[in-house]
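Welcome! Please have a look at the sequence and the model below, and then let us walk through them together.

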Amino acid sequence: QLQLVEFGGDLVQSGMSLRLSCQASGDRMSYYDMGWFRQALGKEREGISCININGDSTNYVDSVKDRFTISRDNAKNILYLQMNNVKSDDTAVYYCATVPECPEQYDPWGAVRRATFWGQGTQVTVSA
């Protein structure tokens, strides 16, 4: 069974950059479309980005588009999220998960319902 572990979360200042990683084990990550999700304190978990198996199709929620980049290295079984120009609203626990598809019309709430294997999350805190 696929297991996912996120790391790279940190306390950063607004406007700075951060890269999150999600290490897969127990199975080949290349079998799955993947997604990044986040949950701020007191709010529902939301999907923010997805990537297809080959890495040649990515989609984003509007709030992170043009600032965040999802990528993957199937040979290393690692999923990445490059976060640039972070804002205080990006403060949340970030999760990676497998998803059944990565549609062009990205539904951040539907993605949460359809995700299967989840990591334990990594905390990102953005200070003003």
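Strands (E, at least two residues) and helices (H or I, at least four) are DSSP runs, numbered from the N terminus. Two strands pair if DSSP finds at least two bridges between them.

## How to read the model

This is a predicted model, in which local features need pLDDT of at least 70 and side-chain atom pairs count only at pLDDT 80 or more, while totals for chains, interfaces and linings use all residues. Residues are numbered from 1 along each chain as its sequence is written, and side-chain values use heavy atoms, with hydrogens and water left out.

## Two hairpins around β5

Let us begin with the hairpins. β4 and β5 form one with six residues between them, and Gly42 in its turn has a positive phi of about 80°. Strand β4 covers residues 33-39 and pairs with β5 in the antiparallel sense over five bridges. Within this pairing, Phe37 stands opposite Gly47 in β5.

β5 also forms a hairpin with β6, again with six residues between the strands; here Gly55 in the turn has a positive phi of about 85°. The two strands run antiparallel and are joined by three bridges, and Ile51 has Thr58 in β6 as its bridge partner. How much of β5 is covered? Six of its six residues are buried, where buried means under 20% relative accessible area, exposed over 50%, and partly exposed in between (1.4 Å probe, protein chains only).

Asn52 sits in the loop between β5 (46-51) and β6. Its relative accessibility is 17%, so Asn52 counts as buried. Leaving aside neighbours within four places in sequence, Asn52 is in contact (heavy atoms within 4.5 Å) with Asp33, Ser57, Arg72 and Cys102.

## The open sheet

Four strands make up an open, antiparallel sheet in the order β1-β3-β8-β7. Which strands stand at its edges? They are β1 (3-7) and β7; each has a single partner strand, so one side of each is left without a neighbour in the sheet. Neighbouring strands of this sheet are turned by 15° against each other on average, direction ignored. For that angle, axes are lines fitted to C-alpha atoms (for helices over the stretch in contact), and angles run from 0 to 180 degrees between N-to-C directions.

β7 and β8 pair in the antiparallel sense over six bridges. Arg72, already met as a contact of Asn52, stands opposite Leu79 in β8.

On the edge strand β1 we find Val5, which is partly exposed with a relative accessible area of 43%. Not counting residues up to four places away in sequence, Val5 touches Ser21, Cys22, Gln23 and Gln120. Val5 and Thr122 are 117 residues apart in sequence, yet 8.7 Å apart in space, C-alpha to C-alpha.

## Positive phi outside glycine

Two loop residues deserve a look at their backbone angles. Asp66 is not a glycine, but has a positive phi of about 75°. Asp66 lies in the loop between β6 (58-60) and β7 (68-73), and its 78% relative accessibility makes it exposed.

Asn85, likewise not a glycine, has a positive phi of about 50°. Its place is in the loop between β8 (78-83) and β9 (92-99). With a relative accessible area of 42%, Asn85 is partly exposed.

## Pocket and cavity

Rolling a probe the size of a water molecule over the atoms shows where empty space is left. On a 1 Å grid over the protein atoms alone, a cavity is a set of points where a 1.4 Å probe fits but cannot get out, and a pocket is an open set with protein on both sides within 12 Å along at least five of seven lines; lining residues have an atom within 4 Å of a point. Grid points are joined across faces, edges and corners, and a volume is the space filled by probe spheres set on the points.

The largest pocket holds about 150 Å³ of space. Its lining includes Arg38, Gln39, Lys43, Ser88 and Asp89. By residue class, that lining divides into two nonpolar, three polar and five charged. Ala, Val, Leu, Ile, Met, Phe, Trp, Tyr, Cys and Pro count as nonpolar, Asp, Glu, Lys and Arg as charged, and the others, Gly among them, as polar.

The structure holds one cavity of 30 Å³ or more, and about 50 Å³ of space lies in the largest cavity. Among the residues lining this cavity are Cys50, Val99, Tyr106 and Arg114. The cavity lining has six nonpolar, no polar and three charged residues.
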